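Subject: Structure for you to look at

Hello,

Here is the structure I promised to pass on. Please open it next to this message and follow along.

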Amino acid sequence: MTYAEFFSEIKGKFMGADVSDIQEHLAYQFNIIGEAQGIFYIEVKDGVLSVEPYVYQERDAMFTCTAETLKAIESGKMDPEEAVKQELLKVEGNIDKAVRLKELIDSHR
């Protein structure tokens, strides 16, 4: 799978998220390693969700993982906290905001 294919798939899934209850600003950068290597960000600002293939300098948290790991987390097959424990997901930045990723993921299933 190429980065473009992976990004298109993951963007389509995240864009279905209901962010209407998220009042604070959230900005996450994802560094995908291995197959489909690349960078993208997810931002919630003023109740609007954006998913773009760029570096986000003012991010709250940064996640590093493989495309396979992110797809497993996004689909609910893997818990993000378990992925961290298994060292499949690396998290840097504001941990309080980082744990809200699960809320964002749950809102589109």
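Below is what was found in it, starting with the sheet and ending with single residues.

This is a predicted model, in which local features need pLDDT of at least 70 and side-chain atom pairs count only at pLDDT 80 or more, while totals for chains, interfaces and linings use all residues. Residues are numbered from 1 along each chain as its sequence is written, and side-chain values use heavy atoms, with hydrogens and water left out.

The sheet

Helices (H or I, at least four residues) and strands (E, at least two) are DSSP runs, numbered from the N terminus. Two strands are called paired if DSSP finds at least two bridges between them. On that basis, 5 strands make up an open sheet with mixed pairing, in the order β3-β2-β1-β4-β5. The edges are taken by β3 (48-52) and β5 (90-93); each has a single partner strand, so one side of each lacks a neighbour in the sheet. On average, neighbouring strands are turned by 15° against each other, direction ignored. Axes here are lines fitted to C-alpha atoms, for helices over the stretch in contact, and angles run from 0 to 180 degrees between N-to-C directions.

Strand β1 (residues 26-33) has an antiparallel pairing with β2 (residues 38-45), over 7 bridges. Leu26 has Val44 in β2 as its bridge partner. With β4, β1 pairs in the parallel sense over 6 bridges, and here Asn31 stands opposite Thr64 in β4. Of the 8 residues of β1, 7 are buried (buried means under 20% relative accessible area, exposed over 50%, partly exposed in between, with a 1.4 Å probe and protein chains only).

The hairpin of β1 and β2 has 4 residues between the strands, and Gly34 in this hairpin takes a positive phi near 80°. Ala36 is also found in the loop between β1 and β2. Phi of Ala36 is positive too, near 65°, in a residue other than glycine. Ala36 counts as buried because its relative accessibility is 6%.

The helices

Contact means heavy atoms within 4.5 Å. Which strands does α1 (residues 3-14) touch as it packs on the sheet? They are β1, β2 and β3, and the direction of α1 makes about 15° with that of β2. Helix α2 (residues 67-75) packs on the sheet as well, touching β1, β2 and β4 (61-66), and its direction makes about 110° with that of β4.

The two helices also pack on each other, at an angle of about 15° and with their axes 12 Å apart. That makes α1 roughly parallel to α2 (angles under 35 degrees count as roughly parallel, over 145 as roughly antiparallel, 65 to 115 as roughly perpendicular and the rest as oblique). In this contact, Phe6, Glu9, Ile10, Lys13 and Phe14 of α1 meet Ala67, Leu70, Lys71 and Glu74 of α2. The contact residues comprise 5 nonpolar, no polar and 4 charged; Ala, Val, Leu, Ile, Met, Phe, Trp, Tyr, Cys and Pro count as nonpolar, Asp, Glu, Lys and Arg as charged, and the others, Gly among them, as polar.

The buried residues of α2 are Ala67, Thr69, Leu70, Ala72, Ile73 and Glu74. Their cover includes α1, β1, β2, β4, α3 and α5 (101-106). Just after α2 comes Gly76, with a positive phi of about 90°.

Residues in other loops

Gly16 lies in the loop between α1 and β1. Leaving out residues up to four places away in sequence, Gly16 touches Ser107 and His108. Its C-alpha atom is 13 Å from that of Val44, a residue 28 places away along the chain.

Gln57 sits in the loop between β3 and β4 and counts as exposed, at 62% relative accessibility. The C-alpha atoms of Gln57 and Tyr28 are separated by 9.9 Å, with the two residues 29 apart along the chain.

Glu87 belongs to the loop between α3 (80-85) and β5. It is not a glycine, yet it has a positive phi of about 60°. At 73% relative accessibility, Glu87 counts as exposed.

Regards
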